[in-house]
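Colleague: Could you take me closely through one strand of this model, and then set that strand in the context of the whole assembly?

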Number of protein chains: 2
Amino acid sequence: MKIGVVSSGHTKFGKLNEDIGELMYTACKQAIENINIGTDKIDAIYISNFSSSFSGQSHLSSLLASKLSVNKEITRVESACASGGLAIKEATLAILSGLYDTVLVVGVEKMSSKPAEDAISVLATSGSEFERQHGATFPSLYALVAQRYCFEYKVEQKYLAKIAVKNHRNAIDNPLAQFHKKITINEVLNSPVIASPLKLLDCSPLSDGAAAVILCRQDRTAEFTDDPVFLVGIGHDTETINFYQRSDLATMPTVVNASAKAFEMANVKPADIDVAEVHDCFTIAELLQLEDLGFCRKGKAKDIIDTFPINPDGGLKAKGHPIGATGVSQVVEIFHQLRREAGRRQVKNAKTGLCCNIGGVGSSCVVSIFSR
Amino acid sequence: MKIGVVSSGHTKFGKLNEDIGELMYTACKQAIENINIGTDKIDAIYISNFSSSFSGQSHLSSLLASKLSVNKEITRVESACASGGLAIKEATLAILSGLYDTVLVVGVEKMSSKPAEDAISVLATSGSEFERQHGATFPSLYALVAQRYCFEYKVEQKYLAKIAVKNHRNAIDNPLAQFHKKITINEVLNSPVIASPLKLLDCSPLSDGAAAVILCRQDRTAEFTDDPVFLVGIGHDTETINFYQRSDLATMPTVVNASAKAFEMANVKPADIDVAEVHDCFTIAELLQLEDLGFCRKGKAKDIIDTFPINPDGGLKAKGHPIGATGVSQVVEIFHQLRREAGRRQVKNAKTGLCCNIGGVGSSCVVSIFSR
């Protein structure tokens with residue numbers, strides 16, 4: 001399996017003035033214009049968006065048809081915060097089906113139209129209703145994960161803080177990131193407690209933004225670019241929405257399962273990955289994924305924070321986390337990294353990259369692997 | 001292209017006590033148990049659901065994983081009221097990709113948790129924001145379509161009423177339908193005006209419900225059933241969400257385009273169709289689709305209402321219209337019709353069937369064709 005990635009588009013992430021339609025359109029237009037094609041070259045479009053409750057707009061497929069002035073086969077997919085990775089997967093299957101040669105994927109979310117409290121409630125709809133009724137929000141669930149992980153593997157809280165510090169440092173070199181502000185371990189540890197042990201600076205922000213990529217049949221990349229990247233493996237898994245059913249809070253089985261499928265399909269090992277984008281909605285999530293993806297043994301992620309290039313674009317923490325856009329934005333970053341066009345944040349000699357996009361507390365996950 | 005349809009499940013439609021998870025689960029369980037398999041035989045699941053604003057629950061992929069106690073590749077797709085047809089299409093592409101052999105598709109909506117006024121507002125989010133701000137709801141937009149159509153083709157309002165009368169009559173023989181009540185043309189014409197010329201009895205109801213089918217690779221149907229049906233063509237189109245951009249209100253271009261693709265893929269003509277399920281969210285929509293699908297010339301649908309078997313299950317009007325379930329429910333009905341197991345509503349000698357599922361005022365559409 002080999003699918004070409006031939007172009008990308010990406011808006012700034014943050015609190016933006018544009019509405020959801022304009023955000024989608026901007027990212028799509030960039031991706032299309034970057035390779036000087038017309039919309040007639042695009043056979044189908046996949047949209048990733050989490051919830052119409054943020055924007056008040058559903059039927060985004062039809063909205064995008066308006067913006068692009070096209071009649072086209074357009075599909076929206078959703079799996080909470082893993083929606084972007086899932087749209088990449090659906091576009092991949094669509095090309096493999098033989099029905100399409102060239103597919104545009106765009107992820108978008110417009111979260112700032114709502115007050116923050118309302119946004120938190122919208123996010124909570126992707127968790128278990130039973131647990132929600134008892135007050136569980138995502139910060140509190142991830143806090144339970146962090147408590148258990150730090151106890152189980154004797155990891156000090158400063159290592160959570162190190163994730164935030166590193167991702168904020170990386171975002172300095174990403175002009176499209178929401179935050180351009182270096183922070184220190186002490187600032188993280190002394191920021192307001194959200195749900196112990198997670199502090200404000202352990203948490204990703206509410207964001208607006210959109211990201212897009214164009215995928216095509218591997219034998220047609222030359223029509224679009226001299227410098228394609230290839231999607232060589234993709235894995236997906238979904239499991240129970242009930243947090244109380246987890247037998248081990250310090251691991252995410254869907255990450256283990258989805259990455260195993262992706263590695264097998266790509267015929268590469270974790271040690272072959274030169275750069276990775278992982279889903280650091282909370283700092284603890286990055287630690288867990290480094291281990292569940294197989295980059296190190298359980299409890300040892302703290303030892304590779306400074307040595308392994310993870311989230312060079314600033315990650316969800318500092319680049320921002322417009323839910324539906326995130327999984328596509330990860331792919332855009334790996335596309336740039338493998339093409340050696342990531343500027344000051346370029347990871348040297350990056351030839352193979354990985355994206356890990358999760359939904360809920362990892363109750364859904366898509367992992368994709370790219371090579372040059 | 002040929003995909004097997006080997007099983008189905010279907011809850012009652014109407015105002016039900018079950019929550020969204022129970023509805024999904026019930027339809028899936030029936031489909032699985034009807035062919036005596038375990039969930040291990042299902043490679044992936046596609047969920048069709050319109051809006052989490054009805055149920056307060058997003059991330060349905062993960063909720064369904066809980067209900068079925070599985071780790072599985074589960075994807076939700078949405079395109080307003082065409083979500084069900086779109087899920088069938090995505091499942092088809094997924095099988096054609098070679099990645100999966102057997103895919104479960106379930107459509108679901110739980111609309112009765114909200115007061116009717118709120119439900120109308122949620123439905124309106126699938127239209128143009130600009131038009132919504134000026135007060136346009138779907139009944140009012142379809143009323144404009146009806147005004148124009150009746151003027152253009154000199155069609156009397158009693159023919160709209162005839163659609164409702166026929167679909168209510170058909171629903172009598174469908175035990176799962178929301179309404180089991182014969183109505184007369186005069187009752188329709190004298191029911192309260194919703195948006196002239198549409199009366200209350202021209203409109204489909206708010207409904208809860210779920211429907212499921214199991215699709216598989218054509219060469220594996222024998223493992224599941226001696227009596228498979230085959231999906232032989234599927235077409236999809238999406239166009240502008242802005243009603244004001246339509247050049248002709250009396251036709252739906254996406255229906256014309258999607259059906260042309262489906263007919264070509266299936267290598268059949270409109271005259272070959274023995275039974276069809278069309279999307280009668282309002283009576284006018286059924287008249288338009290009969291023409292745009294090519295069953296008769298423009299303005300002539302009124303002449304075939306009594307002679308061509310359309311919506312034998314009662315249609316959206318009388319069977320009910322739980323948004324995300326509708327497109328899948330249409331396929332369930334054609335599955336039963338082609339297997340000659342539709343009981344008192346069986347269409348004689350039905351060998352080829354068609355489903356037409358639209359979103360918005362036809363701004364998205366999926367058409368599928370089945371044969372025995």
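Modeller: What follows begins with a single strand and then widens to the two copies and the cavities. This is a predicted model, in which local features need pLDDT of at least 70 and side-chain atom pairs count only at pLDDT 80 or more, while totals for chains, interfaces and linings use all residues. Residues are numbered from 1 along each chain as its sequence is written, chains are lettered from A in the order in which they are written, and side-chain values use heavy atoms, with hydrogens and water left out.

The strand to look at is β7 of chain A, residues 208-217, of which 9 of the 10 residues are buried, so the strand is largely enclosed by the rest of the structure. Here buried means under 20% relative accessible area, computed with a 1.4 Å probe on protein chains only, and strands are DSSP runs of E with at least two residues, numbered from the N terminus. Strands count as paired if DSSP finds at least two bridges between them. Strand β1 of chain A, residues 3-10, pairs with β7(A) in the antiparallel sense over 7 bridges, and within this pairing A:Gly9 has A:Ala212 as its bridge partner. Strand β4 of chain A, residues 102-110, also runs antiparallel to β7(A), joined to it by 9 bridges, with A:Thr102 standing opposite A:Cys216.

Turning to the assembly, a turn of 180° with a shift of 0.0 Å along the axis lays chain A on chain B with an RMSD of 0.0 Å, the superposition being by least squares on the C-alpha atoms of residues with pLDDT of at least 70 in both. The two copies are thus related as by a two-fold rotation axis, and in chain A the C-alpha nearest that axis belongs to A:Ser97, at 1.9 Å. Of the interface residues of chain A, 100% are also interface residues in chain B, so the copies meet through the same surface, where contact means heavy atoms within 4.5 Å.

As for enclosed space, a search of the whole structure finds 6 cavities of 30 Å³ or more, a cavity being a set of points, on a 1 Å grid over the protein atoms alone, where a 1.4 Å probe fits but cannot get out, with lining residues having an atom within 4 Å of a point. The largest cavity is lined by 15 residues, with A:Phe138 and A:Ile241 among those nearest its centre. The second largest cavity is lined by 13 residues, with B:Phe138 and B:Ile241 among those nearest its centre.

Technical notes: Buried means under 20% relative accessible area, exposed over 50%, partly exposed in between (1.4 Å probe, protein chains only). Helices (H or I, at least four residues) and strands (E, at least two) are DSSP runs, numbered from the N terminus. On a 1 Å grid over the protein atoms alone, a cavity is a set of points where a 1.4 Å probe fits but cannot get out, and a pocket is an open set with protein on both sides within 12 Å along at least five of seven lines; lining residues have an atom within 4 Å of a point. Grid points are joined across faces, edges and corners, and a volume is the space filled by probe spheres set on the points.
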